[in-house]
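Got the viewer open? Here is a walk through a few stops, with what to select at each one.

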Amino acid sequence: MTTDHGYPAVRLHIAGEWRQGGTGRTAPIVNPATEEVIGEVPLATPADLDRALAAAAEGFKTWRATPVARRTAILHAAADLLTERAAEVGRIMTLEQGKPLTEAAGEARRVADTLRWHIEDARRAYGRIIPSAPGTVLTVRREPVGPVAAFVPWNFPAGGPMRKISSALSAGCSIVIKASEETPATAMELVRCFVDAGLPAGVLNLVFGEPAEVSAHLIASPVIRLVAFTGSVPVGKLLAARAGEVMKPSLMELGGHAPVIVCADADPVQAARKAAQAKFVNAGQVCTSPSRFLVHESLVEEFTAEFVKAAEAVVVGDGLEPGTTMGPLANERRLKSLERLTADAVARGAKVLTGGERPDRPGYFFAPTVLTDVPEDAELLHEEPFGPIAPIVPFSDLDEALATANALPYGLAAYGFTASAATAEKLAGELEAGILSLNHCGGSVHEAPSGGVKDSGYGREGGPEALDAYLVTKRVSHLLAP
C-alpha cells in the first residue's frame, strides 16, 4: 500500500507482524525537497515496546540456536533481495530524506554488501583452546551478547540501520531497532528484505516513537543486553549514562567536527577538489564530513579559488530530478542551524565567498557555502555544522595546525594532504581521531573499523572489530572426569 506520493504506508514490525501501533498515534513525514507531508509514521506505545521486547527475547532463543549455515543462508538471501530492490529503496529514501537518487540507490546497494561482509566475518568469530594441565580442557568461546536495543538517525536511512542490524544478526543476536521517525520507510523496506528472506519472527523488530520515551523504556528493560547508538554527542552521553545505570555495555558512534590539514607540500587544486566533493555529499549531513579546512598560507589562495569553483558547480535540487548533485537538508531544524552559524561567522568578520543563504524556492535547501576570514571564536569552528558549509582558515606552522585540529572535544574523523611520507606519518601519529584519511577524503568501508575517540564515542563498526560489542567472551575450564 502506498500514498498518493508513491510513498509506502509505514508500519511497526513486531514479532513477525506489521502493526499500526497500539493507539494510532502518528507523526507526519515530510518530503524535505517540497515541504509536503507524504505520509505518517506510527508511534509505539509502551505496550508496543513490551511486545517488541518479549519478541526479541524469544527471537534470540530461536536465532542463537539456528545453525550457522542456516543463519548465513537467510542473511545472504536478505542481502540479495536488497540488491534487487535498491532502485526502489533509493526512490523511497530520496522522498523522505532528500539525497539525490543516485546517492540513495547507491547507499542501498552498499549496505547490502555491508551485510554480506558481516555475515562472512561472523563465521570466523573463532574461540581457542589454551594449553593447560593434564585432564583439563581450557577454552575461550565467543557467544552472542543477547537482544540489542539500537537507535539510529536520519542522515543515512539505510546505512545507519544496517550497520546495527547486520552486526547483531550475524553475531546471533536479536534486535529491537528504533529508526528515525523522519526516514522510516527506508528502514521498513530493509526489514521487509529480512522478512521475505525467511528470518524467524521476533529476531528483528522495528519501532518508531518519541525518542526519549522509547530509549528510556528499552534501555531499562532486563531483556536488553547491549545498547547501540549513532547520533549526536549530547544524546549519546544521555543514553550511555542510562545504560551505565543498569550495567549494560553500549556502543556509541557520535558526532564530530572533522579537520582537514592541507600541508605546504600538497597539491592545492587536487586537495580542494577532493575535499569539496566530500563536503557536499549528502548536503554535508555526514558525521565524518570534512568541516574545518586548515590550509597552509602559501596554498590558501589557490585552494580557496578551486574550492569555490567546485561549490558553485554543485547542482542543488530535488533528488528525484535528473542532474541534481546535492539535495535539501533533511529538516527545517538543520536549515535554521546553518543560517545561525553563517550569521554568527559573518557578524564576527567572516566573508562569504559563495552561498551563505537559502535559495528562493520551497524545500529545506541551503546553498553550498564557502567562508574565509573566519575568526577563531566563531561558533562554526566549534559546533559541528552538519551541512554544506566550508570555513577555510590559513596556518603557517604545522604544529599549530595540529593543535587547532585537536583542540575540540571531538575525535571522529580527520583528513590530511601532503606529498611527504614523513609528514603523513606525523599526521597519522598526532591527529586525535578514530578515522584518518590521507590525500583523500574516504568514507567508511565494510572491511575496516570506524569510530571515534574523546566525545565522539567508543566502540567500532566495520571490520572484524564490528562484532566485538555483539559478542561476549566466555572462559570454560573443563576438568575431565577420571
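## Stop one: a loop cysteine

Select Cys287, which sits in the loop between helix H9 (268-280) and strand E13 (290-296). Keep in mind as you look around that this is a predicted model. Is Cys287 buried or exposed? Its relative accessible area is 16%, so Cys287 is buried, the cut-off being under 20%.

Now show what surrounds it. Leaving aside neighbours within four places in sequence, Cys287 is in contact with Asn155, Glu253, Leu254, Gly256, Glu384, Phe386 and Leu412. Pick Leu254 out of that list and draw a distance: Cys287 and Leu254 are 7.6 Å apart, C-alpha to C-alpha, and 33 residues apart in sequence.

## Stop two: helix H3

Next, select residues 86-97, which is helix H3. Try a distance between its end C-alpha atoms: they are 15 Å apart. Why does that agree with what a helix of 12 residues should give? At 1.5 Å a residue, H3 should span 16 Å, so the two values agree.

Colour H3 by accessibility and you'll find it mostly covered, with nine of its 12 residues buried. Those are Ala86, Val89, Gly90, Ile92, Met93, Thr94, Leu95, Glu96 and Gln97. What does the covering? Bring up strand E3 (26-31), strand E4 (36-42), helix H2 (68-84), helix H4 (101-122) and helix H6 (184-196): the cover over the buried residues of H3 includes these elements.

Before leaving, step just past the end of H3 to Gly98, which takes a positive phi of about 105°.

## Stop three: Thr72 on helix H2

One of the elements covering H3 is helix H2, and Thr72 lies in H2. Select Thr72 and check its accessibility: at 7%, Thr72 counts as buried. Which residues does Thr72 touch, not counting those up to four places away in sequence? Show Ile119, Glu120 and Arg123 as sticks, as these are the ones in contact with Thr72.

## Stop four: strand E15 and its partners

Go to residues 369-372, strand E15. Look at either face and you'll see cover: Thr369 and Leu371 are buried on one side, Val370 and Thr372 on the other.

Add strand E14 (residues 351-354), which runs antiparallel to E15 and is joined to it by three bridges. Then add strand E16 (residues 389-395), which pairs with E15 in the parallel sense, over three bridges. Val370 is a handy residue to centre on. From E14, Thr354 has Val370 as its bridge partner in E15, and Val370 in turn has Ala390 as its bridge partner in E16.

## Stop five: salt bridges

Searching the whole structure turns up 31 salt bridges. As background, side chains of opposite charge can pair when their charged atoms come close.

Start with Glu107 and Lys99, whose side chains meet at 2.5 Å, N to O. Are these two buried or exposed? Glu107 and Lys99 are both buried.

Then select Arg333 and Glu182, a salt bridge at 2.9 Å, N to O. This pair links distant parts of the chain: Arg333 is in helix H11 (residues 332-347) and Glu182 is in the loop between strand E8 (175-178) and H6, 151 residues apart. Arg333 counts as exposed at 52% relative accessibility, whereas Glu182 is partly exposed at 25%.

Move on to Asp399 and Lys426, which meet at 3.0 Å, N to O. Here, too, distant parts of the chain are linked, with Asp399 in helix H12 (residues 398-406), Lys426 in helix H13 (residues 421-430) and their positions 27 residues apart. Asp399 is partly exposed, with a relative accessible area of 44%, and Lys426 counts as partly exposed at 26%.

To finish this stop, select Arg163, Lys164, Glu253 and Glu461 together: salt bridges that share partners join them into one network. You've already met Glu253, as one of the contacts of Cys287.

## Last stop: a nonpolar patch

Switch to a surface view and select Ile129, Val137 and Leu480, which make a nonpolar surface patch of about 270 Å². Ile129 is found in strand E5 (residues 128-130). How accessible is Ile129? Its relative accessible area is 68%, which makes Ile129 exposed.

Notes:
Residues are numbered from 1 along each chain as its sequence is written. This is a predicted model: local features need pLDDT of at least 70, side-chain atom pairs count only at pLDDT 80 or more; totals for chains, interfaces and linings use all residues. Side-chain values use heavy atoms; hydrogens and water are left out. Helices (H or I, at least four residues) and strands (E, at least two) are DSSP runs, numbered from the N terminus. The expected span of a helix is 1.5 Å times one less than its number of residues. Buried means under 20% relative accessible area, exposed over 50%, partly exposed in between (1.4 Å probe, protein chains only). Contact means heavy atoms within 4.5 Å. Two strands pair if DSSP finds at least two bridges between them. A salt bridge is a side-chain nitrogen of Lys or Arg within 4 Å of a carboxyl oxygen of Asp or Glu. Patches are made of residues with over 30% relative accessible area and no salt bridge: like charges are joined within 9 Å, nonpolar side chains (Val, Leu, Ile, Met, Phe, Trp, Tyr) within 5 Å. Accessible areas come from the Shrake-Rupley method with a 1.4 Å probe; for residues, only the protein chains shown count as cover.
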